[in-house]
Amino acid sequence: MPDRTGLFGRTLAAAGTAAALALAMAVPAAAAPSTVEQDVAQLYQDVTDLYNGLPADALRGVDRLIESPIPKIGPRSRAAQGPIPGCTEGSLLTYANQLAAQLTPLENQAFDALSGLSQLYVQGVASDKTPQVFGTDGQYTPRATETIDKLRGFWDIESWNIQLVAWKGTDLGSQAKMAQTFSLGLAPAKVKDAAALATKVLYEVPALQGGRHPLLTLNAFSAPAGSLGGKRVALGDGLLDTVNLLGFDDVSVESVVGHEYGHQVDFAHENHPRNESSEMGPDAYGGYFVAHAKGFAWNSRTQQEVTYLDASIGDCFHSHGTPDQRKAAGAWGEKQATSQGNPNRIVPSATMIEKFQKEYPKLMPPATDQPAVAAVAAARG
């Protein structure tokens with residue numbers, strides 16, 4: 001006689017399996033993180049640990065040209081107020097924000113980690129003792145070299161130890177360079193794996209373009225003597241590419257390096273204002289330099305182009321100055337050069353700082369008065 005019980009049991013088991021499969025298809029389980037997501041998350045943690053392991057004063061005084069739309073693990077934004085009513089940010093910031101808005105959350109996390117890592121490499125490891133190549137294809141190297149040489153002879157500050165270094169996203173593809181960078185603050189046992197993971201993520205996430213996406217290096221910064229790596233100016237390839245795209249290529253290198261060197265002028269005199277003049281002052285010093293007979297002696301049309309470039313990096317958060325304020329600061333500096341009696345005289349740097357600090361309050365009312373004006377208008381309405 002057939003074993004009907006066994007047959008029935010197998011039938012029920014088969015039916016149960018089918019039901020389980022149907023249920024699984026109807027209510028999918030939470031997807032496990034992909035390998036790329038796991039890699040990016042681990043790299044982000046490695047870079048965070050790296051920054052947390054740096055000496056307390058490693059990033060002190062480092063001043064970036066713009067507040068990047070990529071948050072970065074490194075120095076944080078000083079913008080505590082805003083947005084300023086009626087203010088429209090500069091064209092360069094607008095473009096950078098548009099690029100950032102195209103990123104997925106995963107891509108943004110990868111950019112955050114790698115951009116912070118890249119900045120730390122150029123600040124703490126890179127050196128001008130090796131040949132520096134400026135621009136994605138080296139096209140800006142002669143201009144950058146000429147500009148830093150002129151600046152060192154122009155301003156009356158100690159200049160021999162102010163390095164000009166190239167900030168290149170493609171450096172992220174070198175495990176040796178990344179190992180040097182992680183060694184600055186990560187536990188030694190983790191350095192090799194973290195460096196390998198950084199280069200892996202660089203090519204795992206297509207949006208990074210192997211280090212050539214402009215957002216990775218869309219910035220420049222100046223660092224003082226006491227910070228990690230010492231005195232230096234870093235010039236990002238992404239910034240140069242973007243400035244070129246926006247139509248400022250004729251003045252890009254000279255203007256940006258002149259501005260960043262202006263921070264070195266402030267550093268040399270222990271001038272560390274905690275307001276917009278920290279950025280607008282270097283705009284003024286840079287304007288003075290490019291217009292001066294012993295600087296680049298640029299004509300009025302080119303000087304105007306410089307002020308529009310200054311305006312393009314203006315923000316609306318009581319941080320670096322609005323576009324109008326940045327433009328006015330650069331124009332003021334240019335006027336100091338073109339209106340002085342002896343065109344060959346270079347105003348001492350300490351005097352230039354003092355003169356600008358007296359001028360600075362006159363440049364501020366359009367921004368600082370706007371909230372009060374808006375409040376009065378609201379009360380009247």
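In which sense do strand 1 and strand 3 pair, and over how many bridges? The exercises below start there. The model is predicted.

**Exercise 1. Place strand 1 in its sheet.**

Find the pairing sense, then the strand order, then the edges.

Step 1. Strand 1 pairs with strand 3 (residues 220-223) in the antiparallel sense, over 2 bridges.

Step 2. Look at a single residue. Arginine 64 has phenylalanine 221 in strand 3 as its bridge partner.

Step 3. Widen the view. The open sheet is formed by 4 strands in the order 1-3-4-2, with mixed pairing.

Step 4. Name the edges. Strand 1 and strand 2 each pair on one side only, which makes them the edge strands.

**Exercise 2. Characterise the disulfide.**

Locate the link, give its handedness and compare the burial of its two ends.

Step 1. Count. The structure holds 1 disulfide.

Step 2. Identify the partners. Cysteine 87 is joined to cysteine 316, with an S to S distance of 2.0 Å.

Step 3. Read the torsion. The angle about the S-S bond is -70 degrees, and the link of cysteine 87 and cysteine 316 is left-handed.

Step 4. Place the ends in the chain. Cysteine 87 is in the loop between strand 1 (63-64) and helix 3 (91-101). Cysteine 316 is in the loop between helix 11 (300-312) and helix 12. The disulfide links distant parts of the chain, 229 residues apart.

Step 5. Check burial against the 20% cut-off. Cysteine 87 has 23% relative accessibility, so it counts as partly exposed. Cysteine 316 has 5%, so it counts as buried.

**Exercise 3. Classify two aromatic pairs.**

Use centre distance and plane angle to assign each geometry.

Step 1. Start with the total. The whole structure has 10 aromatic pairs.

Step 2. Take tryptophan 155 and tyrosine 288. Their ring centres are 5.9 Å apart and their planes lie at 35 degrees, so this pair is tilted.

Step 3. Locate both residues. Tryptophan 155 is in the loop between helix 5 (141-154) and strand 2 (163-167), and tyrosine 288 is in helix 10 (residues 277-291). They are 133 residues apart. Both tryptophan 155 and tyrosine 288 are buried.

Step 4. Take phenylalanine 289 and phenylalanine 296. Here the centres are 5.4 Å apart and the planes are at 80 degrees, an edge-to-face pair. Both phenylalanine 289 and phenylalanine 296 are buried.

Step 5. Assemble the group. One aromatic cluster contains Phe154, Trp155, Tyr285, Tyr288, Phe289, Phe296 and Trp298.

Step 6. Add the charge. Lysine 150 places its charged end over the ring of phenylalanine 296, 5.5 Å from the ring centre.

**Exercise 4. Compare three salt bridges.**

For each, give the distance and the burial of both partners. The whole structure has 13 salt bridges.

Step 1. Aspartate 39 and lysine 200 form a salt bridge, with the closest N and O atoms 3.1 Å apart. Aspartate 39 is in helix 2 (residues 35-52) and lysine 200 is in helix 7 (residues 188-204), so the bridge ties together parts 161 residues apart in sequence. Aspartate 39 is buried, at 11% relative accessible area. Lysine 200 is partly exposed, at 39%.

Step 2. Lysine 231 and glutamate 158 meet in a salt bridge at 3.0 Å, N to O. Lysine 231 is in the loop between strand 3 and strand 4 (232-236), glutamate 158 in the loop between helix 5 and strand 2, 73 residues apart. Lysine 231 counts as buried at 16%. Glutamate 158 counts as partly exposed at 47%.

Step 3. Aspartate 171 and lysine 177 form a salt bridge, their closest N and O atoms 2.8 Å apart. Aspartate 171 is buried, at 11%. Lysine 177 counts as partly exposed at 27%.

Step 4. Look for shared partners. Asp39, Lys200 and Glu204 belong to one salt-bridge network.

**Exercise 5. Check two helices for length and cover.**

Set each span against its expected value, then look at burial.

Step 1. Helix 9 (residues 252-268) has 17 residues and reaches 25 Å from first to last C-alpha, close to the expected 24 Å. It is mostly covered, with 16 of its 17 residues buried.

Step 2. Look past its end. Glutamate 270 follows helix 9 and has a positive phi, near 55 degrees.

Step 3. Helix 12 (residues 323-338) has 16 residues and reaches 23 Å from first to last C-alpha, close to the expected 22 Å. Its buried residues include Pro323, Arg326, Trp332 and Glu334.

Notes. Residues are numbered from 1 along each chain as its sequence is written. This is a predicted model: local features need pLDDT of at least 70, side-chain atom pairs count only at pLDDT 80 or more; totals for chains, interfaces and linings use all residues. Side-chain values use heavy atoms; hydrogens and water are left out. The expected span of a helix is 1.5 Å times one less than its number of residues. Buried means under 20% relative accessible area, exposed over 50%, partly exposed in between (1.4 Å probe, protein chains only). Rings of Phe, Tyr and Trp (its six-membered ring) pair if their centres lie within 6.5 Å; planes under 30 degrees apart count as stacked, over 60 as edge-to-face and the rest as tilted. A charge sits over a ring if NZ of Lys or CZ of Arg is within 6 Å of the ring centre and within 35 degrees of the ring normal. A disulfide is a pair of cysteine sulfur atoms within 2.5 Å. Two strands pair if DSSP finds at least two bridges between them. A salt bridge is a side-chain nitrogen of Lys or Arg within 4 Å of a carboxyl oxygen of Asp or Glu.
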